[in-house]
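Student: I am new to this structure and would like to understand how its descriptions are reached. Could we take them one at a time, setting each value against its cut-off?

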Amino acid sequence: MMQITEIDDPRLVKGLAHPLRIHILRVLENRVASPSEIADEIGAPLGNVSYHVRFLARVGLIELTSTKPRRGAVEHYYRAVGRVRVADKAWSQVPDVVKSGLISASLDQVGKAVGAAASGGGFDRRDAVVTRREMVLDEQGFSELAGELRELLDRSKEIERASAERLAASENGQVEAGVVMMLFEGGGIAATAQADGAGRRSRRGDAKR
């Protein structure tokens, strides 16, 4: 899908106008699902989900892929029409309330995916990676690290495409994998440093008395 570069792009405006649509788009970003499956996953009423699914299909953010008879009715399955990429310029224009909704939806999906992987033994692999690091950077360093993560994301897409080609010839060794990348300001270092400094000052004060 064409990259969204302006906040007034009607697809972005309409797609993000309701928080439930954000959750639906997150679900359909990586797989095909029906409204009932989406409703079960995000814990929302089926009627509401079906309404917003139809709306997202009308504005062109998702598409119908297939139908299947189920329990005397017809189940409709949808997928995202490519990945909607929001450029930095457009993101900077997004209202804070919408940003909060997007971030909350993303973190909710990440939490569910990581929880499911952990309960299913997904981190038992020897080459699984679970790491966290807090650091102190200047503005240039933060920007450089953000660029490196974007390049890694692009590289992961290349690896996925190459894997798909190999799997097309043989399904042996298929692995369902998940990657989470986050870079954010405020990792708790400043608060920890302040607490340590206060503790040291308090101890020095006690020694003087």
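Tutor: Let us begin with a charge and a ring, keeping in mind that this is a predicted model: the charged end of Arg21 lies over the ring of Phe55, at 4.0 Å from the ring's centre.

Student: What makes the distance between the charged end of Arg21 and the ring of Phe55 count?

Tutor: The distance limit is 6 Å from the ring centre, and the charged end of Arg21 is 4.0 Å from the centre of the Phe55 ring, so the distance part of the definition is met. As for pairs between aromatic rings, the structure holds zero of them.

Student: Which elements make up the protein chain, and in what order do they run?

Tutor: The chain has eight helices and two strands, and from the N terminus they follow the order α-α-α-α-β-β-α-α-α-α.

Student: How do you know that the span of H4 agrees with that of a helix of its number of residues?

Tutor: H4 has 13 residues, which at 1.5 Å a residue should span 18 Å, and because its end C-alpha atoms are 18 Å apart, the two values agree. Within H4, the buried residues are Val49, Ser50, His52, Val53, Phe55 and Leu56, and after this helix comes Gly60, which has a positive phi near 85°.

Student: What is the largest nonpolar core built from?

Tutor: That core has 19 residues, and Ile24, Leu28, Ile38, Ile42, Val49, Val53 and Ile62 are those with the most contacts inside it. Two or more residues are given to this core by each of helix H2 (19-28), helix H3 (35-42), helix H4 (46-58) and strand E2 (73-80), with H2 providing the largest share, five residues. If we look at Ile38 and leave aside neighbours within four places in sequence, Ile38 is in contact with Ile24, Val27, Leu28, Ala33, Val49 and Val53.

Student: Why is Ser36 called buried?

Tutor: Buried means under 20% relative accessible area, and Ser36, at 17% relative accessibility, therefore counts as buried. Ser36 is part of helix H3, and, not counting residues up to four places away in sequence, it touches Leu46, Arg70 and Glu75.

Student: What makes the link between the side chains of Ser36 and Glu75 a polar contact?

Tutor: A polar contact needs a suitable pair of N or O atoms within 3.5 Å, and the polar contact that joins these two side chains is 2.3 Å, so its distance falls within the limit.

Student: Why is Ser66 called partly exposed?

Tutor: Partly exposed lies between the 20% limit for buried and the 50% limit for exposed; Ser66 has 35% relative accessibility, so it counts as partly exposed. Ser66 belongs to strand E1 (residues 62-70), and, with neighbours within four places in sequence left aside, it is in contact with Glu75, His76 and Tyr77. Ser66 and Tyr78 are 12 residues apart in sequence, while their C-alpha atoms are 7.3 Å apart in space.

Student: How do you know that Arg132 is exposed?

Tutor: Exposed means over 50%, and the relative accessible area of Arg132 is 69%, so Arg132 is exposed. Arg132 is placed in the loop between helix H6 (96-119) and helix H7 (139-169), where its side chain makes a polar contact of 3.0 Å with the side chain of Glu134.

Student: What share of the protein chain is buried?

Tutor: Of the 209 residues in the protein chain, 22% are buried.

Technical notes
Residues are numbered from 1 along each chain as its sequence is written. This is a predicted model: local features need pLDDT of at least 70, side-chain atom pairs count only at pLDDT 80 or more; totals for chains, interfaces and linings use all residues. Side-chain values use heavy atoms; hydrogens and water are left out. A nonpolar core is a set of buried Ala, Val, Leu, Ile, Met, Phe, Trp, Tyr and Cys residues joined through side-chain atoms within 4.5 Å. Buried means under 20% relative accessible area, exposed over 50%, partly exposed in between (1.4 Å probe, protein chains only). Helices (H or I, at least four residues) and strands (E, at least two) are DSSP runs, numbered from the N terminus. Contact means heavy atoms within 4.5 Å. Rings of Phe, Tyr and Trp (its six-membered ring) pair if their centres lie within 6.5 Å; planes under 30 degrees apart count as stacked, over 60 as edge-to-face and the rest as tilted. A charge sits over a ring if NZ of Lys or CZ of Arg is within 6 Å of the ring centre and within 35 degrees of the ring normal. The expected span of a helix is 1.5 Å times one less than its number of residues. A polar contact is a pair of N or O atoms within 3.5 Å; within protein, one must be able to donate a hydrogen and the other to accept it, and residues adjacent in sequence count only if both atoms are side-chain atoms.
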